[in-house]
Amino acid sequence: MRFIHIADVHLGAQPDAGPLYSRQRPRELWETFEHVLHICEEEQTDLLLIAGDLFHRQPLVRELKEVDYLFSELTHTKVVLIAGNHDYISANSNYRTFQWSPNVFPLFGEKLQYADFPELRTAVYGMSYHSREIPRPLYDAVRPAGAEQYEILLAHGGDEKHIPFDRRRLEQSGFDYIALGHIHKPQIFRKDQIIYAGALEPVDKNDTGKHGYVKGGITEEGVRAQWVPCACREYIHFESAVGVEDTTGSVKKQIEKKINEYGNENIYKIVLVGKRNRDVLLDPERMKGEKNILEIIDRTSPAYDFERLYEENEDTILGRYIGRFRGCREGSVEYQALCEGVEALLGSRQ
């Protein structure tokens, strides 16, 4: 039995995208989702497992129709899905009344239920969110019913507000494979058996790293699964070191060089660190240039010789101010306050 496991597709989201991709990123979520469906069709995958949050919010009827049409085009693959905390089954959710194609098997109950596929000797279990948050550890007690030779659990959660679970209990639950959703970064709890697929595409600037899906199979010899990257682009955070000789122009050149190395198709958040010349005013907006940069955060500090300034100004307001912060750790909030205060006091002298 061959399967593909995806989660957290978030169709309908408006991802952080920067100036170059802000209009096309919502469309790219759909395109990557369709790409996975094409793989299912080409490889005649038996099951497509969707571990929650197919949509970013309550799905509209027209969105459900679009998705169901794509599912209906699969000539071999059967689709099993649950609702997560974003697309939960609200009182007026369109999930409640929508009529899916015959190859789609939603597990939308509040309690554990399963879809049985005797021809695959497989049963897929799952339950859905009926509220935004479920702080109860519902998965800790779930067990397969022995309906088929191979049994799979679809589960969405893992933090304190969204079905927290004990990893050891999950490992001992008796399922052949557990397809996890909710955490956007791919994670493997037990090789080939308990896996967070991660978000199919990153939707938030903190969804750093590569994103994709899990491809696997179950035979009498056991489970084999591999994580496959497929996202159009990724969020990358990096620090750019600034020295006393640097200017806005030189830092911009450093940033452009790093982005060229990482890939121009990606989306960036950059933090400037180090000690700059106190007479240089860095301009993060100018540094962005034509690159796809979400934000540049300036955490540099002016290269003051605080001991010398203290000795020269011990009896002045400047000296007393520096004295209050003596011994503070570089990089701390206190050190930042020291730098900003000294800069302001020196500026007032001018």
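Glu295 is partly exposed, with 22% relative accessible area, and this residue makes a good starting point for a walk through the structure. One thing to keep in mind along the way is that the model is predicted.

**Salt bridges**

Glu295 has a salt-bridge partner in Lys205, and their closest N and O atoms are 3.0 Å apart. The two residues sit in distant parts of the chain, 90 residues apart: Glu295 belongs to strand S15 (residues 293–298), while Lys205 is in the loop between strand S10 (194–196) and strand S11 (212–219). Lys205 is partly exposed as well, at 27% relative accessible area.

How many salt bridges does the structure hold? The count is 18. Another of them pairs Glu119 with Lys78, with 3.3 Å between the closest N and O atoms. Glu119 is in the loop between strand S5 (113–117) and strand S6 (122–126), and Lys78 is in strand S3 (residues 78–82), so this bridge ties together parts that are 41 residues apart in sequence. Glu119 is exposed, with a relative accessible area of 52%, whereas Lys78 counts as partly exposed at 23%.

Arg326 and Glu307 also form a salt bridge, and here the closest N and O atoms are 2.8 Å apart. Arg326 lies in the loop between H8 and helix H9 (333–349) and Glu307 is part of helix H7, so the pair ties together parts that are 19 residues apart in sequence. Both residues are partly exposed: Arg326 has a relative accessibility of 45%, and Glu307 has one of 40%. Salt bridges with shared partners also build one network out of Arg25, Glu28, Glu201 and Arg233.

Here are the three pairs side by side.

| Salt bridge | Closest N and O atoms | Separation in sequence |
|---|---|---|
| Lys205 and Glu295 | 3.0 Å | 90 residues |
| Glu119 and Lys78 | 3.3 Å | 41 residues |
| Arg326 and Glu307 | 2.8 Å | 19 residues |

**A charged patch on the surface**

Which residues form a negative surface patch? They are Asp305, Glu311, Glu314 and Asp315. Glu314 is found in the loop that runs between helix H7 (306–312) and helix H8 (317–324), and this residue is partly exposed, with a relative accessible area of 44%.

**Buried isoleucines**

Glu295 appears again in the surroundings of Ile270, a residue of strand S14 (residues 267–276). Is Ile270 buried or exposed? With a relative accessibility of 0%, Ile270 counts as buried. Setting aside neighbours within four places in sequence, Ile270 is in contact with Phe238, Ser240, Ile255, Ile259, Ile293, Glu295, Ile296 and Ile297. Between the C-alpha atoms of Ile270 and Leu294 there are 8.3 Å, although the two residues are 24 residues apart along the chain.

Ile195, in strand S10, is buried too, at 4% relative accessibility. Its contacts beyond four places in sequence include His5, Tyr177, Ile178, Leu180, Ile188, Val214 and Ala225. From Ile195 to Val214 the C-alpha distance is 8.2 Å, and the two are 19 residues apart in sequence.

**A proline in helix H2**

Pro26 has its place in helix H2 (residues 25–43). Pro26 counts as buried, because its relative accessibility is 16% and the cut-off for buried is under 20%. Not counting residues up to four places away in sequence, Pro26 touches Ala13, Gln14 and Pro15. Gly157, in turn, is 131 residues from Pro26 in sequence, and their C-alpha atoms are 24 Å apart in space.

**Two positive phi angles**

Most residues other than glycine have a negative phi. What is the phi of Gln44? Gln44 has a positive value of about 50° without being a glycine. Gln44 lies in the loop between H2 and strand S2 (47–51) and is partly exposed, with a relative accessible area of 29%.

Asp53 likewise has a positive phi, near 60°. This aspartate is in the loop between S2 and helix H3 (61–72). Asp53 counts as buried, at 1% relative accessibility, whereas Gln44 is partly exposed.

Terms used
Residues are numbered from 1 along each chain as its sequence is written. This is a predicted model: local features need pLDDT of at least 70, side-chain atom pairs count only at pLDDT 80 or more; totals for chains, interfaces and linings use all residues. Side-chain values use heavy atoms; hydrogens and water are left out. Patches are made of residues with over 30% relative accessible area and no salt bridge: like charges are joined within 9 Å, nonpolar side chains (Val, Leu, Ile, Met, Phe, Trp, Tyr) within 5 Å. Accessible areas come from the Shrake-Rupley method with a 1.4 Å probe; for residues, only the protein chains shown count as cover. A salt bridge is a side-chain nitrogen of Lys or Arg within 4 Å of a carboxyl oxygen of Asp or Glu. Lys and Arg count as positive and Asp and Glu as negative; His and the chain ends are not counted. The place of a charge is taken as NZ of Lys, CZ of Arg, CG of Asp or CD of Glu. Helices (H or I, at least four residues) and strands (E, at least two) are DSSP runs, numbered from the N terminus. Buried means under 20% relative accessible area, exposed over 50%, partly exposed in between (1.4 Å probe, protein chains only). Contact means heavy atoms within 4.5 Å.
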